[in-house]
Structure formats: C-alpha cells, structure tokens
Amino acid sequence: MIQVTNLVKRFGDQVVLQGIDVQVDRGEVLAIIGPSGSGKSTFLRCLNLLEKPTSGTIQLQNSVLTFQEKKKIPNREMRQLRGKTGMVFQSFHLFPHMTVRQNVMEGPIQVKGISASKAKSLADVLLKQVGLHDKRNAYPDQLSGGQQQRVAIARALAMEPEVLLLDEPTSALDPELVGEVLTTIRQLATGQQTMIIVTHELAFAREVADRIIFIDEGQIVEEGKPSELFERPQKERTKQFLERFTQL
Amino acid sequence: MDAIQWENLFDIQLAKGSAWFVFQGLKYTIIITLITMIVGLILGLVIALMRMSSSKILRYPARMYISIIRGTPLLVQLFILYFGLPVIGLNLSPFLAAIIGLSLNVGGYSAENFRGALLSIPKGQWEAAYSINMTYGQALRRIIMPQALRVALPTLANTLLSLVKDTSLLSMITVPEMLYQAKIIGGREFDYLTMYILVAFFYWIVCTILAWVQDRLEDQYGKFAK
C-alpha cells in the first residue's frame, strides 16, 4: 500500500535521511526505532510532507510523488497524498481554542465538507472509542497529557486516514499516563488500521508491531519481525542499541 | 509677571453652550475611526502575511511599506495626501485624504502587531492543521487567527486608541472633527482654553468606552485559557 523508494532528506549540508526504502502493507503495523537524531521522526514527517523530501519517491495507493531538488510539487498533489495520512504528534498539538469534540469535528467539516451533525456523531463515536466521551465539552488544557493524546488520535482518525503516523506518541507523557495511550494504540492495531509508529517504547513496539525497522544515521540498519530483530539481531549496531535499552 | 487668572480656566457657560457644536465633530471622529479601523486592520493583516512570506516579491514591499509608515510623521503623511497631491493633479477631499492617510497608518502599525501575534503561535498548530489536510487559508482562518487575535488584542487596542486620538490631526486638513469644531468656537470667543479642555474631555470619554470594550473582548477571547 505504501512504497517509499530511495528517500533522501537534506537540511543544508546535513544529510538526515540517506536513501530509505520502506514498504508497508494494508493493515500492517510498522514500528521505527533508533537513537535520537537518527532521522526516524524526519522520515515520518516526510511521509505526510510536513517536511519536503529532497529526493526519492513516495507512493501511497494511487498517489505517487517523485521529489527532486528544485522541482516544485503542485499543492493539489501534495494535499491528495497528505489526505490519505493522519498524524499524531509527540506534543499533541490540539487546537486550544476548541473543545475536545470541536477538535475532532474540525477536519471532517472544514476539509471533507461533511455536515455538522454527521461530524458530531462521528466525533462521538471516536471519542467513545478512545474513552473520552465524557470530556467532549472540555478544553484541551483541562485534560491530562494522556487524555490530550487520545483526543489527538481521535482527531487524526476522524479523517479516516489510510495510514496513521505516530511520532513518539508517548515521549512527552508522565510515566503513569503512557499506559492509557498505548492501550488506545493497541486497540487500533488489532483493528485494521495501518500504522507507522516512531517510538522509544521498545517493549511496546515488540508487542504491537508486525515489523520493526531500526534506523541509525539516516539509514535502515536492519528490519524484521519483532521476535527476530529483538532476539537475533544480525548487525552489531542493532545489538549495541538493544543492549543499552535492556540494561536500563 | 501678573498673577495667574484662575477664573479664566474653564468657562462653564461657554462649555455648555458649545458642547453640542463640538459634539457634531464626534460624528466624523467615529465614522472615520470605524472605516479606518476596518480598512487598516485588513490591510495590516495582509501586510503582515506578506512580510512573513517566503517570497521576496511579497516580503520586501511589505517591509518597505512598514518602514515608511512608521518612520514618517502621520501629519506629514496627511499633508502629502491633502496639500501635496493636488500638485500632480490628484485632488482628494479632506474626508477621503483622512481615510486613506489613517488607514495606511493603521495598516503599517497593526501589521507589526499581527506579525508578532502570528509568530507567537507554536509551529505545531500549523502542522496539526496541515496534518488534517487543511489548506494554508483554512489553517490561518480556523486555527491560527483565532489564537493570534487573542494575543494581538491588547496591542491592537492600543493602536486603535491612538487612532481615535490621531483623528484630531485631521483638523489640520480641514476635516470638521471635534478639535476643528472646538477651534472655531475658541477663536470666535477668544477662549481656547475652555474649548480645548472640553474637547480633551470628549476624547477621554470615547477612549474610556473603547478600553471598556477591549476588556470585554479580552474576556471573551480568553475563555479557552486558564
């Protein structure tokens, strides 16, 4: 369903991604792990074009975009691709001037043009799904971090994305709030939602992902099924990285 | 030096008798302020967005505009429009010259207010808006502006209070606003002091009302904040 070919991202002289190839099937949950600054978040942000790739190809179903230096991609094509993705950010980025339900309704109404009453019932369904229907009239700053992140997940799901991109969804949370967000993501994984998750929660990645990619210095070092990658890492770099975590 | 003549400080009879005449000028003050406020704020927002654009063709003219407006006296700008332009055959009525001059002025100052406010909104808000596939216009209108307006409100209110008071400069280009009216009577009755105190009082009332409106608006927009 998703096919990324030779994706390169440079910021000035700094090469952040040096040719990434990734394929994701429908319904698959892909976890991306790696040290800080390895480019894993940048990769995710390239997929919905919050960062414009320097070169390479991204294919998402029938949207195919090929990037080259100095080549301008028409806005319409960028939005067509982006419309198939949803994103959950590390620090939530809920709209503070809207209630929880308005946050979820905003995209469907403004972007998809569905009626307010349909958007409302859609929002109610999704808020029940993430367990926050009773908070529907609260404002984001009245919620805990974990609750905000679950609303952010509902907001992304409201656009019915083909693939949900999660950028370190639990990194900004207090330890006791991580669990509720992981539970929500786990539910999505058992459903049919295709997801790409950048995470530091290795135990969670292992449990929930169908496949894991280890990225370091802008390159894929190793990929495989969780059991293979965690129990029998092939590359020295992967072993080092995993050891550091298991020692903790 | 003679003793100060306190009895001439304020002639209540004159003030009462001429209050209505001066009050006539308030109509111009209010109409010009309202029109200028609307035109100026729209202009200011457009200039702010141009100033923040990644395109040089938009950015440089906006910077130049802001620099000129903020770097030259409003009175000189008004003189150029009203007394200067007829030299090249452009005859503006006092009223039109006033609207154009003040709108350009408000535009220049509020552009910087807007820019500061827009920059104060975290980049993540733009990204979140884009992530649900909003266009630039939708993100600006639905997500960024409602938050930025709240930030900008106190400084915009200051700009608008200045605007009310700056309308007094229009007396210099023969717009019959409050100060102009007060000067007429002051000259006729040889009592400028009473008339200027009276007109100062009127400006103060108008500005106090506006400050009250500002407080209400801040309460309104502040709802989502703790």
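**A walk through two chains**

Biologist: Let's start with chain B: what percentage of its 226 residues count as buried?
Modeller: Keep in mind that we are looking at a predicted model. A residue needs 20 or more other C-beta atoms within 10 Å of its own to be called buried. Of the 226 residues of chain B, the share that passes this test is 34%.

Biologist: How many helices and strands does chain B have?
Modeller: From the N terminus on, its elements read α-α-α-α-α-α-α-α. The count for chain B is therefore, with helices and strands numbered as DSSP runs, eight helices and zero strands.

Biologist: What box do the C-alpha atoms of chain B fill?
Modeller: The box is taken along the principal axes of chain B. Its sides are roughly 75 × 50 × 35 Å.

Biologist: Among contacts in chain B between residues at least 6 apart in sequence, what percentage join residues at least 24 apart?
Modeller: One pair shows how distant stretches of chain B can meet in space: Leu75(B) and Ile173(B) are 98 residues apart along the chain, with their C-alpha atoms separated by 9.3 Å. For the contacts you ask about, the share joining residues at least 24 apart is 76%.

Biologist: Is Leu75(B) buried, partly exposed or exposed?
Modeller: This residue lies in helix 3 of chain B, which covers residues 74-84. Leu75(B) has 14 other C-beta atoms within 10 Å. A residue is exposed at 12 or fewer and buried at 20 or more. Because its count falls between those limits, Leu75(B) is partly exposed.

Biologist: Which residues does Leu75(B) contact, leaving aside its neighbours within four places in sequence?
Modeller: Leu75(B) belongs to helix 3 of chain B. Setting those neighbours aside, its contacts are Leu169(B) and Met172(B).

Biologist: Now for chain A: what is its radius of gyration?
Modeller: Chain A has nine helices and ten strands, and its C-alpha trace spans about 55 × 45 × 30 Å along its principal axes. For 248 residues the globule rule gives 18 Å, and chain A comes close to that, so it is as compact as a globular protein of that length. The radius of gyration of chain A is 18 Å.

Biologist: Why is helix 1 of chain A described as largely enclosed, and how many of its residues are buried?
Modeller: Helix 1 of chain A runs over residues 40-47, and its buried residues include Lys40(A), Phe43(A), Arg45(A) and Leu47(A). Just after this helix, Leu49(A) takes a positive phi of about 65°. Helix 1 of chain A is largely enclosed by the rest of the structure because the number of its eight residues that are buried is eight.

Biologist: Which helix gives the largest share of the largest nonpolar core?
Modeller: That core has 74 residues, and Ile196(A) is among those with the most contacts inside it. Not counting residues up to four places away in sequence, Ile196(A) touches Val24(A), Leu30(A), Ile32(A), Leu44(A), Val163(A) and Leu165(A). A second, separate core of 41 residues includes Leu102(B) and Met178(B). In the 74-residue core, the largest share, six residues, comes from helix 5 of chain A.

Biologist: Which are the edge strands of the six-stranded open sheet of chain A?
Modeller: The strands follow the order 6-7-8-3-9-10, with mixed pairing. At one end, strand 6 runs parallel to strand 7 and is joined to it by four bridges, and Met87(A) stands opposite Leu165(A). At the other end, strands 9 and 10 pair in the antiparallel sense over five bridges. Each edge strand pairs on one side only, and the two are strand 6 and strand 10 of chain A.

Biologist: Which residue takes a positive phi in the hairpin of strands 9 and 10 of chain A?
Modeller: Within this pair of strands, Ile213(A) has Glu223(A) as its bridge partner. Two residues sit between the strands of the hairpin. The residue with a positive phi, near 50°, is Glu217(A).

Biologist: Which element gives the largest share of the side of chain A that touches chain B?
Modeller: Here 21 residues of chain A are in contact with 16 residues of chain B. Helix 2, strand 6 and helix 3 of chain A each give two or more residues to this side. By class, the side has eight nonpolar, eight polar and five charged residues. The largest share, three residues, comes from helix 3 of chain A.

Conventions
Residues are numbered from 1 along each chain as its sequence is written. Chains are lettered from A and ligands numbered from 1 in the order in which they are written. This is a predicted model: local features need pLDDT of at least 70, side-chain atom pairs count only at pLDDT 80 or more; totals for chains, interfaces and linings use all residues. Two residues are in contact if their C-beta atoms, placed from the backbone, lie within 7 Å. Ala, Val, Leu, Ile, Met, Phe, Trp, Tyr, Cys and Pro count as nonpolar, Asp, Glu, Lys and Arg as charged, and the others, Gly among them, as polar. A nonpolar core is a set of buried Ala, Val, Leu, Ile, Met, Phe, Trp, Tyr and Cys residues joined through C-beta atoms within 7 Å. The radius of gyration is taken over C-alpha atoms; the globule rule is 2.2 Å times the number of residues to the power 0.38. Two strands pair if DSSP finds at least two bridges between them.
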